[in-house]
Amino acid sequence: MNKQELIAAVAEQTGESTTAVTAILDGITGVIRDTVADGGKVAIRDFGAFERSYRAARPGRNPQTGESIQIDESWGAKFTAYDGFKSAVHGRARAQGSPSSAAA
């Protein structure tokens, strides 16, 4: 599902206009982005938490040449799913069958 499909689904579920849903979604994602970028954490009950994570410098290997390289330290974003979200995904997945039977 892409952003436009998400907006359409939320608009249908809530009865709000797509314009209103777009403005709200843009506001929510902007607040999450800015908060995490500033080092804060955004936690949404029964869904999950967004936070910044640190990756230390480390040795690596160029996959094309096999040459050893040094990977610089960096910051990334991390999402941790909470139990309510995990349970919903697990319940739906269980109802649909095992992953191995879906691949067959």
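The following conversation goes through the helices and the sheet of a predicted model.

Student: What kind of model is this, and which pLDDT limits apply?
Tutor: The model is predicted; local features need pLDDT of at least 70, side-chain atom pairs count only at pLDDT 80 or more, and totals for chains, interfaces and linings use all residues. Residues are numbered from 1 along each chain as its sequence is written, and side-chain values use heavy atoms, with hydrogens and water left out.

Student: At what angle do the axes of α1 and α2 cross?
Tutor: Helix α1 (residues 3-14) and helix α2 (residues 18-37) have axes that cross at roughly 120 degrees and come within 9 Å. Helices (H or I, at least four residues) and strands (E, at least two) are DSSP runs, numbered from the N terminus. Axes are lines fitted to C-alpha atoms, for helices over the stretch in contact, and angles run from 0 to 180 degrees between N-to-C directions. The crossing angle makes α1 oblique to α2 (under 35 degrees is roughly parallel, over 145 roughly antiparallel, 65 to 115 roughly perpendicular, and the rest oblique).

Student: Which residues make that contact?
Tutor: From α1 they are Lys-3, Leu-6, Ile-7, Val-10, Ala-11 and Thr-14, and from α2 Thr-18, Val-21, Thr-22, Leu-25 and Asp-26. Contact means heavy atoms within 4.5 Å.

Student: Now the sheet: what is the strand order?
Tutor: The order is β1-β2-β5, in an open sheet of 3 strands with antiparallel pairing. Two strands pair if DSSP finds at least two bridges between them. Strands β1 (41-44) and β5 (74-81) are at the edges with a single partner strand each, so one side of each has no neighbour in the sheet. On average, neighbouring strands are turned by 30 degrees against each other, direction ignored.

Student: How many bridges join β2 to β5?
Tutor: Strand β2 (residues 48-55) is joined to β5 by 8 bridges. Phe-50 stands opposite Phe-79 in β5, and the bridge partner of Glu-51 in β5 is Lys-78.

Student: What stands opposite Glu-51 on the β1 side?
Tutor: Lys-41 is opposite Glu-51 of β2. Strands β1 and β2 are joined by 4 bridges and form a hairpin with 3 residues between them, where Asp-46 in the turn has a positive phi of about 65 degrees.

Student: Finally, what follows α3?
Tutor: Gly-97 follows, with a positive phi near 105 degrees. Helix α3 itself (residues 83-96) has 14 residues and reaches 20 Å from its first C-alpha to its last, close to the 20 Å expected at 1.5 Å a residue; that expected span is 1.5 Å times one less than the number of residues.
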